Each structure stands twice: as C-alpha cells, then as structure tokens.
Amino acid sequence: MSNTDSQGPIWEVFIQSKPGLAHKHVGNLHAADKEMALQNARDLYTRRQEGTCIWVVPFEAIVSSTPEDDEAFFEPSNDKAYRTPIHYVMPEGAKHI
Amino acid sequence: MEDIKKLEEFQAKIDAEIKIEPKDWMPEDYRKHLQRQISQHAHSEIIGMQPEGNWLLRAPSLRAKVVLLAKIQDEAGHGLYLYSAAETLGKSRTEYLNELKTGKAKYSSIFNYPTLTWADMGAVGWLVDGAAIVNQVSLQRTSYGPYARGMVKICKEESFHQRQGYEIIADMAKGTPEQKEMAQDALNRFWWPSIMMFGPHDSDSPNTGNAVKWKIKRATNDQLRQSFIDKTVHQAEIIGLTIPDPDLKWNEERGSYDFGEMDWDEFWSVVKGGGPCSKQRLKHYNDAHNNGEWVREAAKAYTDKQTSKQNVA
C-alpha cells in the first residue's frame, strides 16, 4: 500500500438540527484536515436539511469510558431515588408542586 | 471458562434486545460475521453507483438527471455510513477498501448485470432498491448498535429511491408500444436477479444459524424474499406489466404468493465473478481510486505543511 493511499484520520460529526437544540452525534468520516472534514460532513450528513450547525472533532480527541467502568461510574446512582421528584411524598391536595 | 460466562452474558443481552456496542465483549465469530456482512453491504452501495452512473449523461430530462444524481450521491453516502459502522469492529477503512479492490470481498451480484435501456433505471429503483429496502428495514433492528443506527439513516433516505424507479417504469408502461415493451423487457431481465438478492434458500444458507441466534439478521432470506414478492406483484399489475414467472400464484391458505424456482447455477456463477459486468465493475472502481491518487497526495501535502507551520509557531 502506498503512503498516499491513506484515507486520513477519523473525525466524529455532531449536528445541531435547529437553533436551541444540543449538537447530536451522527457518525464519522475520514478527512486529511479540519477544513476537509467540515466540507465532507456537510456533503455526507446534511443532504436533507438535517441541521444548522456542524461540529467535527478528531476521533483521537475523544475520551470514552469503557464497559469495565460501568460498575464504578453508573451503578451508584441506582439506589439514589431521592435525586428524583417521585421519591417525595406530598400532602394530599397539594397542587403545582 | 471465562469465555463461556462472557458468552452467556452476551447472549442474555441479545435476548433482552440490548444493543451491542463497539467496546463491548463479543464472540469472535460475531465480530467476523459483522465485518463481512457490513463491508459487503458497503461495497454494494459503492459498486451500485455504476449501473446508474451509466445513464446519468443520457437521462431523458433535466428532472430525471437531477433525481438520478441525488440518488447516486445517496448511494455513496450509504456506502460511507456502512464503512464507518464496519470500522468500529477493529478493522481499518483501508483494509476494507483493499479487499474490494483486489476482488477478495464480495458485493451484491445484482450490480454485475448491465443497464441497457432507460427502463432499466426504473427496474433498478423499483426492484433492486425495493428488495434492498425490505432487507434494510429488517436490519434496523439488528443487534449491533452502529449497524442499526446506519440502517435507520439509510432507510429514511432510501424511501425516495424506490418511488423514483417505480415512477420511471410506470411512465414507460403507459407510453408508446415500444416504451411499454422496453418496460416489460427491463422487468423480465431484473425480476429473477432481484429476488435472488435475498440469497440462497434458508436450507442452503450456512451463515443463517448464528446470525439469527445473535439477531444480526432479524428475518431469514426466504422470509424477506416472500415479503418482497407479496408486495411487488400488485405494483406490477396496476401498471399493466407481467412478472416473468409462470408459477406465480396466490396461495389462499398461506396468504402469500407461490413462485417458481430460481436459477441457482446462474446465481453462484455470478457470485463467483462470472456476471456479465463483473470485470468491468471492479476495473472501473480501481481506475476511479487510482485517478484520485493526486487528490490524496495533495491533501496529505497540505496537512503536512499546516502541521509543520504550527510546530514552528
């Protein structure tokens, strides 16, 4: 394989579908640099008015938790129902609370 | 021992309809099956641009040309979504592309048939995309997260493809006698290859067992084929065309159409590279890739220059 056969690094793509909403991950692509990544993201992920703003982020820059972290990261919240409103008993007849 | 436990946990997740994500443990055979299936699917989208590209410069109206161009661009996009999903399984884009370039990887045999007339653009959209959609709708529920997400996106975009094809063939079917004959001829040539797109009968499909157990496939080849035939027969009838199968008959008891046996000798011969356009498709793909060499070279040179400038600053 020649040196120039490279597809370039991976860029993850996030799109804001309309003002006021959060950017959402939609997929990824390969590109040599950030400008090409943005251009390619426009062609690949917004052919049908999918959004009003695009972020491209180098895949290498993303730090992800792994399934091994699940227990330490996410299980502690299982027994903390007091962090949700349904945990609390309201006096009968109380409204708008 | 640990693997048996992991395998049980894996199967329990599958049974509970919990998607498998790239970092999760998965059996090696599950990974291999997906690498093969998703990359073949991607290659099919990419090679699938060629039979339609053949008519781009001869489309009969500006509207037809704009539509065909958008459809071909979608196919390229779908190929890229699928390569992205395949890459999450620990194999690089370049590796997958090399397998296509060297002919080691397969793609759907349907694209090794020529598109001889404009009516073929109708048949391809109506039947080939129609069959692909039946398969892809079912794959939206596949157990591997990235593949399922890709399928959802593809199905959403794909829905116009079949309609544009059906519109073309319906228009020709109500045109001059010559045009109607052309439409019938396209149906005659594409019918059998289309229903063979679903692959061999379940009884002759060695990969079906695990693929169903692991919910990679949500329906078998024969189930999907039947579903496609059942919805397509009526579409042929209302535009006055005849499906070229003398054994096609409504079966009241099954609530489905019975149909004739496919020519499996032809199927396997085309799968093994003996299709009318097999060599041409692969050569064209390689030529296009090689012609893009200067673009990749320039992009890399530009990036290297930017990076070295940054380092100096």
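I looked first at the salt bridge in which the side chains of A:R47 and B:E157 meet, 2.8 Å from N to O. By salt bridge I understand a side-chain nitrogen of Lys or Arg within 4 Å of a carboxyl oxygen of Asp or Glu. I counted four salt bridges between chain A and chain B.

The model is predicted, with local features needing pLDDT of at least 70 and side-chain atom pairs pLDDT 80 or more, while totals for chains, interfaces and linings use all residues. Residues are numbered from 1 along each chain as its sequence is written, chains are lettered from A in the order written, and side-chain values use heavy atoms, without hydrogens and water.

I then turned to the interface. Chain A gives 25 residues to the contact and chain B gives 26 residues (contact: heavy atoms within 4.5 Å). The buried area is about 2000 Å², 49% of it from carbon and sulfur atoms; this is accessible area (1.4 Å probe) lost on putting the two parts together, summed over both.

Next I examined helices α7 (residues 145-173) and α8 (residues 177-195) of chain B, which pack at about 135° with axes 7 Å apart. Helices are DSSP runs of H or I, at least four residues, numbered from the N terminus. Axes are lines fitted to C-alpha atoms over the stretch in contact, and angles run from 0 to 180 degrees between N-to-C directions. I therefore recorded α7(B) and α8(B) as oblique to each other, a term for angles outside under 35 (roughly parallel), over 145 (roughly antiparallel) and 65 to 115 degrees (roughly perpendicular). In this contact, B:I169, B:M172 and B:A173 of α7(B) meet α8(B) residues including B:Q179 and B:A186.

How values were computed. Helices (H or I, at least four residues) and strands (E, at least two) are DSSP runs, numbered from the N terminus.
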